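Subject: The model I promised you

Hi,

Here is the structure I said I would pass on. Have a look at it first, and then read my notes below.

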Amino acid sequence: MRIYLVLLTSMVLGWLLICAHSIELLVRYTDILILLGITLLYIASHGFRMLRLALLTLDERDKAFELITAHALTAFPSSFLPFKIGELLRLSAFFHVFGHRRKAFAIWLAERFGDVLVITALILSLYLFNVSMPNSMRAIFIIFTLVSVFGLLGLFAVANVLVYLNRHLVLTSHSARGLMLLRASYVLRRLELEIYKSVEGRLIGFLLLSMLIWALEIAALSAFINHYSIGELDFASMFTSGLLASLPGGVVGEARAFGLYQSLALALLTVLFLAALWLANNLKLVRY
């Protein structure tokens, strides 16, 4: 953990030095109040992400603050690491928080599935209001719709299927392959129960928080593009830029400009949490 914190601090300082000129231009040609407002919008979206994590871990409340800290300390490198490697870093931080990986993986899956559902609903609403959609958005819509449908089918059907599969394997199968299937079925069933435990009685709140997260991120992107007057100002184009900003090959034009600002906001968030950790450790040492 100490090694990671040192590397993270070095990464933030190195990024600030490398991008110092671009950051200076960004601050120079931006009204400080507008910049502050966009920063608050974007950081608020991460605040709601942290609140969503706390909601998902109410059954293990003692882990809530550690999970929120894990998100804050992995958000900055996740913002620019290619090919979604940042998600693997974030997942490994969740593994570090929990004693067993099943709970961490269940929370991560629930988060991703909530994002997919909300993004699918937003894209569908654009279609319903006859907003012109670029080809890249149509491909994403098809992929996200398939993920949503199969995910929902999995949540409602896998439990019943696994019950009959386990009974069949126990009663009729005596081979090594049957034993492997039984073990895999058991692991999937336990993971499913962890997901249910994470969202049980909190599903509406979970979905509302997911909607707020994406609404704030899109609002921050819209304000940024509108202020600089880069690219088309229609909602579909702005939403596409925000969605594709972190995908390989999708960082062009306004997405690249917002990517710099996004990393700057997350660097500030990282510095705040590093300072909070340093202060907490010092207070602990003084108390002892």
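Let me start with helix H5, where the buried residues are covered by elements that include H3, H4 and H6. Before going further, please keep in mind that this is a predicted model.

**Helix H5 and its two sides**

H5 runs over residues 85-97, so to speak a helix of 13 residues, and spans 19 Å from first C-alpha to last, close to the 18 Å expected at 1.5 Å a residue. Its buried residues are Gly-86, Glu-87, Arg-90, Leu-91, Ala-93, Phe-94 and Val-97. Because they cover an arc of only 155° around the axis, they sit on the same side of H5. The face turned away from that buried side carries Leu-88 and His-96, which are exposed.

Glu-87 caught my eye here. This H5 residue has a relative accessible area of 18%, and since the cut-off for buried is under 20%, Glu-87 counts as buried. What does the side chain of Glu-87 make polar contacts with? One polar contact, of 2.9 Å, joins it to the side chain of Trp-108, and another, of 3.1 Å, goes to the side chain of Arg-112. If you set aside neighbours within four places in sequence, the residues in contact with Glu-87 are Ser-78, Trp-108 and Arg-112.

**Over to helix H6**

Trp-108 brings us to H6, where it lies together with Phe-105, three residues away, about one turn of the helix. An α-helix has 3.6 residues a turn, so residues three or four places apart point the same way. Trp-108 is buried, at 16% relative accessible area, whereas Phe-105 is partly exposed at 29%.

H6 covers residues 101-128 and also holds Lys-103. Is this lysine buried or exposed? Its relative accessibility is 0%, so Lys-103 counts as buried. Leaving out neighbours within four places in sequence, Lys-103 is in contact with Leu-56, Asp-59, Glu-60, Phe-98, Glu-194 and Ser-198. Take Glu-60 from that list: 43 residues separate it from Lys-103 along the chain, and their C-alpha atoms are 9.7 Å apart.

**The nonpolar cores**

Nonpolar side chains tend to be buried together in soluble globular proteins. In this model the largest nonpolar core has 28 residues, and those touching the most other members are Trp-15, Met-50, Phe-76, Tyr-261, Leu-266 and Phe-273. Two or more residues each come from helices H1 (2-18), H2 (20-28), H3 (32-56), H4 (64-80), H9 (203-228) and H11 (254-287). H11 gives the most, with nine residues. One of the well-connected members is Leu-266; outside its neighbours within four places in sequence, Leu-266 is in contact with Tyr-42, His-46, Ala-75, Phe-76 and Ser-79. There is also a second, separate core of 17 residues, with Leu-53, Leu-91, Ala-104 and Leu-209 among them. Leu-91 is a name you have met already, as one of the buried residues of H5.

**Aromatic pairs**

How many aromatic pairs are there? The count comes to two. In one of them, the rings of Trp-15 and Phe-76 have their centres 5.7 Å apart and their planes at 80°, so the pair is edge-to-face. Trp-15 is in H1 and Phe-76 in H4, so this pair ties together parts that are 61 residues apart in sequence. Both partners are buried: Trp-15 has a relative accessible area of 12%, and Phe-76 has one of 0%. The other pair is Phe-105 with Trp-108, which is stacked, with 5.9 Å from centre to centre and 15° between the planes. So Trp-108, itself buried at 16%, has a ring partner in Phe-105 and a polar partner in Glu-87.

**The chain as a whole**

Stepping back, the secondary structure comes to 11 helices and zero strands. Of the 288 residues in the chain, 40% are buried. As for contacts between residues at least 6 apart in sequence, 74% join residues at least 24 apart.

Best wishes

Methods. Residues numbered from 1 in each chain as written. Predicted model: local features only at pLDDT ≥ 70, side-chain atom pairs only at ≥ 80, totals over all residues. Heavy atoms only, no water. Helix = DSSP H or I, 4+ residues; strand = E, 2+ residues; numbered from the N terminus. Buried < 20%, exposed > 50% of the residue type's maximum accessible area, 1.4 Å probe, protein only. Contact = heavy atoms within 4.5 Å. Core = buried A, V, L, I, M, F, W, Y, C linked by side-chain atoms within 4.5 Å. Phe/Tyr/Trp six-rings, centres within 6.5 Å; stacked < 30°, edge-to-face > 60°. Expected span 1.5 Å × (residues − 1). Arc of directions from axis to C-beta. Polar contact = N/O pair within 3.5 Å; in protein donor to acceptor, adjacent residues only side chain to side chain.
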